[in-house]
Amino acid sequence: MDNTKQGDFFADYKNEDSALIVNEGVEKLPTVNPYFKSPFKKRPRLLTEDEYMDGIVRGDRTILSQAITLVESVLPDHRRMAERIVQRCQVISSKLKTMRIGITGVPGAGKSTFIEAFGSYLTSEGHKLAVLAIDPSSEKSKGSILGDKTRMETLCNDPNAFIRPSPSAGSLGGVARKTRETILLCEAAGFDVIFIETVGVGQSETAVHSMSDFFLLLMLSGAGDDLQGIKRGIMEMSDLISITKADGTNVDKSNMARALYANALHLFPPTESGWVPTAVTSSAVTKSGLPEILKKIEEYFNLVWGNGFYERKRREQARYWMYESINEELKNMFYENETVMKLLPDYENAVLEGQIESFAAASELIEKYSGKR
C-alpha cells in the first residue's frame with residue numbers, strides 16, 4: 001500500500017460516519033515532575049567588564065565577590081578580563097587615601113578573634129572594613145578550609161564589613177597570589193580600611209609588607225623567652241606590637257611583655273617614615289587596648305600623609321609588584337606554551353625515574369621554550 005492509499009485508509013477510521021473510530025489516545029505525561037525543584041543551582045553567567053565595574057563601584061558585595069573570584073581564576077580568558085578590571089579599579093584607588101593594615105602573629109595569638117573585636121570597633125567608629133584572610137592550602141589535597149568567616153560571626157553580619165577568605169594555593173609564605181589585586185577591588189568598592197591577615201609568622205611577612213601601609217604584629221606573653229620568640233627581621237618591619245589576651249590573670253604578664261618589646265624596639269634603627277614603633281596590650285574579650293591601637297594607627301597615617309612617605313611607599317610597592325607581575329606572566333607563558341605542555345610529562349617522568357637531573361631537565365625545557373634547541 002503506497003503512502004496515499006495508506007493515508008486514505010486511516011482517514012476512514014477518523015470519519016464520524018464510520019463504525020470504527022480511532023481515538024486520539026491519552027496525552028503523554030512529562031518525563032520530569034514539573035513540581036520538582038533541583039537542589040543544584042545554575043552557574044551564574046559571566047558578567048561583562050562594565051557590569052563588574054558598575055557593581056564594584058556601587059558597593060554590591062555579590063558582584064565584588066564574583067570579581068575577586070574572577071581575579072583568582074587561572075583561566076586565560078578570565079585572567080585577561082580581570083587585568084582590565086584591576087586596572088580600572090587602580091585608577092579609582094589611586095585617588096583615595098585608604099589604610100592597608102597587615103596583621104600577623106605567632107600561632108595562638110588569636111588573630112581571627114582580635115580582627116573580629118578590633119574590626120567591630122572600627123566599624124562602630126564609622127570606617128568601612130574589608131578583611132582579606134589567607135587560609136593555608138593542604139599540600140596533599142590542595143584544598144583549604146576557608147573557615148575564618150565561621151570565627152568572625154559578629155563581623156560577618158556587620159553591614160560595614162566584608163570578609164573574603166582566600167586559599168594560599170601554594171603561594172610563597174601563605175599570601176594569596178592575587179591579594180594585591182583584591183585590595184584594589186575592595187578600595188574601589190568603598191572600603192577605607194583593609195586588613196590583610198597572614199597564615200602566621202614565617203615567610204609571608206615580606207609579601208604582606210610589600211602591599212600594606214601599616215604592619216601590626218600580635219604577640220603572646222608567657223610563651224617562653226619573649227624576645228627570642230620571634231625573629232628580629234619581623235620586629236623591624238612592625239609599626240606596632242600588640243600583646244594579646246591581656247585579661248584576667250594574664251594582665252601582669254602582658255604588661256611585662258609589653259615593656260620588654262617596647263624597649264627592644266628602641267634598639268632598632270630609625271624608620272624611613274619617621275614613625276617610632278611601640279608596643280601595647282589588648283584583649284578581644286574585655287575590648288581593652290582597642291581604642292589605643294586605633295589611636296596609634298591614626299597617628300601613624302597622619303604622619304605619613306603629612307610627610308609624603310605614604311605616596312613614596314605606595315610607588316615603591318608599585319615597582320615591586322611590576323616585577324612580580326612580570327615573573328607571574330612569564331611563568332604563565334611558559335606553562336601555557338604548546339611545546340612545553342607536550343614535553344613536560346615526559347621530562348617529569350624522566351626525572352622521577354632518575355634518567356635526568358631536575359636542573360638539566362629544567363634547563364632543556366627552557367631552551368626548547370626559547371627556541372634555542
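Which helix supplies the largest share of the lining of the second largest pocket? The tour comes to that pocket after a helix pair.

The model is predicted, so that local features need pLDDT of at least 70 and side-chain atom pairs count only at pLDDT 80 or more, while totals for chains, interfaces and linings use all residues. Residues are numbered from 1 along each chain as its sequence is written, and side-chain values use heavy atoms, with hydrogens and water left out.

Select first residues 111-124, helix 5, together with residues 290-307, helix 11 (helices are DSSP runs of H or I, at least four residues, numbered from the N terminus). Their axes, 10 Å apart, pack at an angle of about 70°, and the two helices are therefore roughly perpendicular (65 to 115 degrees) to each other. Now show the side chains in contact (heavy atoms within 4.5 Å): Phe 114, Ala 117, Phe 118, Tyr 121 and Leu 122 on helix 5 meet Leu 290, Pro 291, Ile 293, Leu 294 and Ile 297 on helix 11. These contact residues divide into 10 nonpolar, no polar and no charged.

Next, centre the view on His 209, Glu 236, Thr 271, Glu 272 and Phe 309, which of the 26 lining residues are the closest to the centre of the second largest pocket (a pocket is an open set of points on a 1 Å grid where a 1.4 Å probe fits, with protein on both sides within 12 Å along at least five of seven lines, and lining residues have an atom within 4 Å of a point). About 690 Å³ of space lies in this pocket. Selecting 204-209, 232-237 and 309-335 shows helices 8, 9 and 12, each of which supplies at least two lining residues; helix 12 gives the largest share, 6 residues.

Terms used. Axes are lines fitted to C-alpha atoms, for helices over the stretch in contact, and angles run from 0 to 180 degrees between N-to-C directions. Angles under 35 degrees count as roughly parallel, over 145 as roughly antiparallel, 65 to 115 as roughly perpendicular and the rest as oblique. Ala, Val, Leu, Ile, Met, Phe, Trp, Tyr, Cys and Pro count as nonpolar, Asp, Glu, Lys and Arg as charged, and the others, Gly among them, as polar. Grid points are joined across faces, edges and corners, and a volume is the space filled by probe spheres set on the points.
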